[in-house]
Amino acid sequence: MAAFGGWTGKTLRVNLSTGTVQVEDTIARYKDVLGGTGVGYKVLWDEVPARTRAFDKENKIILGTGPLTGTGAPSGGRTSITTIFPAVYPDELVATGHMGGGWGAELKYAGWDNIIIEGQAPKPVFLAIVDDKVEIRDASHLWGNGIYHATSSICQEMGADTQVAAIGQAGENQVRLSVVMTGFSHSAGGVGGVLGSKRLKAIAVKGTGSVRIAADKKEWKQLIQYTLSIMGANNQHVVPSTPQPWAEYYAPGSRWTARRGLYWGAASPAVETGECRPEDLHRMAYRTAKATFDLGPNAEKYTVRMGGCVSCPIRCHSHLDVPAVEEKYGFSRYAASTCVGWGGRAFFKSFPDGARGQASIEAAVVGKHLADDLGIWTHYSQLQRDFKYAYDNGLIKANLPGSEYRSIPWERYDNGDPGFLKEIYTRIAYKQGEFGSAMGEGSGRLAERWRFPAEYYKQQGTNWWKMGHPKHHSSEEGGQTGVLINMMYNRDCQCHSHSNFLGNGLPVKIQKELAAKLWGAGAVDPDGNVTPMNIDKARFAVWSVLRKELHDSLTLCNWMYPLAASPLRSRGYEGDNGIEAKLYSAVTGDRKDAAQLDQVAERIFNLHRVLTMRDMAAMDMRTRHDTAPDWVFDYPPDRKPFTPGHYKMDREDIDSARDLFYQLLGWDKKTGAPTRASLEKLGMKEVADRLERLGLLTA
Amino acid sequence: MTGIRDMNAEEFKALVEVVRKASNEGELTLAAEVCQGGEDEFAALAVTAAPGAAADIIWICEGDKSYLFSERTMTRRYAEAAALGASRDPLRMIAATVRSESATYPRPTRLETFHDRPFCLSSEEITTAVARMRADAQYADIATARASNGAEFLFSSNHLSRDQAVSMAEWLAVGQCDNP
Amino acid sequence: MAEDKDLLCRIMDRLGLPAESSRRGFLLSALGVTGVTAAMAWGQKSEKAPFVILENAAGILVTDSTRCVGCRRCELACTEYIDGRAQPALARIKVARNYNFGPRGQREGFGRSAGEFGNLRILQDTCLQCPHPVPCSVACPHDAIVADGKIKARRADPKKCTGCRLCLHSCPWEMMVFDEQAKKADKCFLCDGKPECVEACPSMALRYVSWRDLTHETPIRQAVPAALRDPKAAGCIGCHELNLERGHRTAPGAQ
C-alpha cells in the first residue's frame, strides 16, 4: 500500500513534440507542494526558462489536482491550471486558471495526480487517458470545431461518461482571452491559448480506479458530517437572505436565498427551495438558488435545478431551460452557468424590457453558449467593461477601418438585441478584423493598441487594476486587505477568502469576535467605514492568500473555503479554521495542523513570488509589482480617507500595509522580496541559491 | 379556555406542544388564544408543571399582545419581527426594524424587505407609512438612502451616519452585483 | 419432501426441462414454500439441490430526478463508507454514467437526451432488489448472492464469490459492480436498512421506502445473454471459470 492516501502517486508528463509520455513519482517530487498550483509553480520554476512567453514552445502547462480531489471531502472537485499566462501585460508571467466539474476527480480515478504538458504537437491532437493507458490521438476531425462538438465527439469515441477538458476555436487561434472548458459550465480562464499553441485540442479522461482514504471509515464519515455541519451557502454565507424563523440574522446580499415560495420553476413538477435550516444536511443543495440571485426574479420559471462540481453539496451552477433562445437565436434552450458566466448581458447598456427582463436572460444564455463553445474568457467581465468603454468613448469607431466598422450592425446593439452577441464573440474567437484581434487581447494590449486615454488606467469604473487585469474584491471589500491581496498576483487575484468572510451576513460585532480569534478584531471594519492600516488586517491578507494557494493545491473550492464562520448559533457562528488540515490529515494520513499546512501554503505562495521576480527580472517588487491604480486613492475626489461612506485609500497608509504584509512573510521590507532566511525556513534553500545567482536576493 | 392558574400539568404540556408545533411551522402562538393569564403566571406554572421541560418556550410582548414561541425552531429576533408583523401596524413594523438593523449589523434596510414574511406589507402600505413617518417627530431619526439604481433604503440616524448609510445602500443594491 | 420432489418433477416436465436437473439447474416452486430454507435444506442434502431467492426484499431505494443535482456524493458515500476509498466505478448506486448524456448514452449530440448535456435531468440508477427470479442470484454459479438479514436485501457474499463475473452480465440494469482489489463482485445491499447514499444526499433525491416491484417500469440497460439460461448455462460457466484460472477477465477474444 502507498505510504499516503489521497495522492495516486503518479504524475503524467506528456511531451507533445516527441509524442512521448512519462510517469513521475508525485510523492518524491511534489509532496511538499501538494498539487495544483504548487506543482504548477514548481515545474515552471525548475524547468521553464526565465522570460519564456505564453505561446513559446518552451512554455509548459500543468493541470494539477491534489490529495483531496476525487474524495468525499465536500467541495473538493477542482483543478488548477498553471502556465505562463497570455493575458498578463506587458510581460507574460505565471498565473493560473481554475476549473471545477468532474474532470479533476476522474483524473484521480484514472490514477493520476497531475499532468505536465510540454512541447508542441506537429498536428492537432488530443490526449486520451483511460486509467493507465495514455494515448496521443489525432484531433484533426475536432480542430476548427467548438468545445461542444469536441466533447460530444470524444464521448462517442471513448464513452458517454468520459470527462473532457477542451479548448474552442478561441484557444486554437491563441486568443489571449480563451479558456479550457470541462462539462457544460466549468471553465479555467486565460489558459486556452497555451493549449492551442501546443495544438492540444482536449484532454479526455476515464478512470475506474480509486482514491485511498487513510483514515478509518467511521472517522472519515464523522469528519465529513462535521464539515458539512459548519458549511453555509455559496461563498460560505452563513445567514439567509430573507428573515426566516430559524435564523437570528439575515442579509439581503447573502447567497442563502432559499425561502418559502421560491422554486426551481422549470423542474417538472416544480421544486420548492423552501426553508433550509443549517442542521438539515438534506437540504444543503437548495440553499443557494443562484439563478434568481444572478439574473433576477424572472429566472425562477427557467430554473430546472442547481448543479456544479463533483462532491460539492452547495450547487452554485444554475441550470436553465429557456425555450425562446432556441426559437429566436438558434442556440440550445438548455444552459448552465454561474456568476459572470452569464456575462452576455453585461455587454449591453440597456435592454428594451429593463435590466433584468426577458431580453437580459436571453442575452445571458446566448452569451454562455457563445463563450463556452468558442472557448472565450470574459475576464471577470472586464471584456464587457472594456467593450462598453471603447464604444462609449468612440474608440471602436476610431480604431476600426471604416468598412469593418460599418459591417457591424450597431443598431442591434443599441436596441439591446441579444443576437448581436454573435458579432462580438465570433469575431474574437477567429480574430476577425481589427475588432476581433484587438478585443481578445486582454485589457493591457487592447488599451495600448487602441490608445485608450490615460484616464482609463486611473479612473474609477473601468476596474483596471494592473498588468492587464481588473480588480477582484479590492478596496471595496476589506479596504487595505483587499488592496494587498489584489497587489500580489499577475492576473486578477481570484481570492475570496476575505470577501466571503466580510460578506457572510453576520453583524460586524460578531465578525469582529470571530476575527479576534483568527487575525485580530481590527481586521474587520464596518462596510464603508475603513480605518487606518493595522497588523490585524495584514494577518487577514496573508491568511487570505495563503488559504487561496492551499485550496488551489489540495484542491478545495475557493468559493466555499475557508470555513472561518459557520451558520450555527450554538457555535457562536464560529467555523473551523483548521478544517483543511483535518481533511488533509484524514485523507493522506500525513498529520498536519492548520499552522503546518499554512506553512506549506506559504511555500507555494513564495514560489509564485520568486517566479514573478525571475520573469520580471526585478527584485523591487514593492514599486514594480505590488501596485494599486490611482483610482483606489483618488476616488471619490471630495472625500478624505478614513471617513465614513466610501473606500478611498491613502498612499502612505498602503505603504505601511505593504510593510506589515512583508514583515509577516519575512520578506525584505524595502523590496518585498523573499530573503534567504524566509526561504530557508520554508525548506527552499535551492530557490534562495538560484535567486542569488540571478542577482535577485537581498544581502 | 383555562386560566393558567387552573391548568394542570397535562394541559400545560399540551399547550407547550401547540406552541412548539406552531413555531416549527414558522408561526407565533397568540398567548390569549391558548391561555388566560400573564407572563409571570405562565413562568410560575412552567416551573411547577414541567420543571426544566419547557425552557424553550419564550413569552414576548408586542404592543398589548403577548405571544409564545419555542426557541428550538424559532429565534427570538425572528419572533420579535413576527410579532411586529402580526401587529399590522406598518409604522411600528418599519421603524422598529429599521432602527434594529441600523444598530445591529449595522446596515440600512431595503424597503422591499417589508413585502416579505413576516411583514407582508403592500407597496401602498409601505409608501403611506414612510410618508407618515416623515411628518412625525417620533420618527425623526428614520431617513432615506437611495442607491444609484433607484433602490430605496431606510436607516436610523441614531446608529448610522448618512454617509455610511448611502454608501452601504449603494453597495447592497449595485456594488455587490457589479462585484460578484 | 417426497411430495415436493414429485411436484418438482412434474413442474420441470411441464417446462420441458430435465427433471433430474444438474446442480446448476433452476428450481421453480409454485408452492411458495419457505424457498431459501427449503433450497438450503435440499442443498445440504444433495449436490443437485438448486438455490433460489423467493422472498421479496423489505425495502428499496427510490429516486427523484427532479431533485438530483449531480453532486455524486451518493457514489462517494457508498464506497468511502463501505470500502474505505473513493471509487465511483465501484459505487453500488450509479449517477456518473448517466451524468453527461443520460442513460441512453451519446448518440444524439447535445441538447437532445437527458443529462448535463441534454435536458439537464440527472437520472440515478439504483438496484431494484428484484423479486423472484433474481437475475444476479440466478446467474451466480456459487449461490453467492443471497437475501440478506432482516430486510432480505440481495447481497453478494464475498466468501462464496469466485470473481467469475457472470452476475455482471446478468443484471438487465447493469447494477452489479466488481471490486478489482478484492477480485469479487458486489452490489447494493441497502446498508442493512440505513442506506449511506440516502443519508449523504444533499437534495432529498433519494429515499428508502418499502419494497415495490419496479422491474417492469425501469428501462433496462443491457441485454442479458440468453446463453445464461439453462441448458447453455453450463457452457458459459465453464468458459468463465476456465478463463478465471487463466487470469483473463472475460471470455478470450472479448474486450
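Reader: What makes residues 19–48 of chain C a stretch in which the predictor has little confidence?

Author: In this predicted model, pLDDT stays under 50 over residues 19–48 of chain C, and because pLDDT is the predictor's confidence in each residue on a scale from 0 to 100, values under 50 lie in the lower half of that scale. The model nevertheless has 45 contacts beyond four places in sequence for this stretch. Residues 250–255 of chain C also stay under 50, and for them the model has five contacts beyond four places in sequence.

Reader: How do you know what confidence chain C and the complex receive overall?

Author: The mean pLDDT of chain C is 81, with 71% of its residues reaching 70 or more, while for the complex the predictor gives an ipTM of 0.97 and a pTM of 0.94.

Reader: What makes chain C and chain A count as being in contact, and how many residues take part?

Author: Residues are in contact if their C-beta atoms, placed from the backbone, lie within 7 Å, and by that criterion the contact takes 35 residues from chain C and 44 residues from chain A. On the side of chain C that touches chain A, at least two residues each come from helix H3 (73–82), strand S2 (85–86) and helix H4 (96–99) of chain C, and H3(C) provides the largest share, five residues. By residue class, this side of chain C divides into 17 nonpolar, 11 polar and seven charged.

Reader: Why are strand S13 of chain A and S2(C) called paired?

Author: Two strands pair if DSSP finds at least two bridges between them, and two bridges join S13 (residues 211–212) of chain A to S2(C), so the pair meets that condition. The two strands run antiparallel, and the bridge partner of Arg212(A) in S2(C) is Arg85(C).

Reader: How do you know which elements of chain B touch chain A?

Author: With the contact criterion of 7 Å, 28 residues of chain B are in contact with 22 residues of chain A. The elements giving two or more residues to that side of chain B are helix H4 (76–87) and helix H7 (162–178) of chain B, and H7(B) gives the most, with nine residues. The residues of this side divide into 11 nonpolar, 12 polar and five charged.

Reader: Why is chain B described as having domain 1 and domain 2?

Author: Domain bounds come from an automatic or database domain assignment, and therefore the division of chain B into domain 1 (4–82) and domain 2 (89–178) rests on such an assignment. The C-alpha centres of domain 1 of chain B and domain 2 of chain B lie 31 Å apart.

Technical notes:
Residues are numbered from 1 along each chain as its sequence is written. Chains are lettered from A and ligands numbered from 1 in the order in which they are written. This is a predicted model: local features need pLDDT of at least 70, side-chain atom pairs count only at pLDDT 80 or more; totals for chains, interfaces and linings use all residues. Two residues are in contact if their C-beta atoms, placed from the backbone, lie within 7 Å. Helices (H or I, at least four residues) and strands (E, at least two) are DSSP runs, numbered from the N terminus. Ala, Val, Leu, Ile, Met, Phe, Trp, Tyr, Cys and Pro count as nonpolar, Asp, Glu, Lys and Arg as charged, and the others, Gly among them, as polar.
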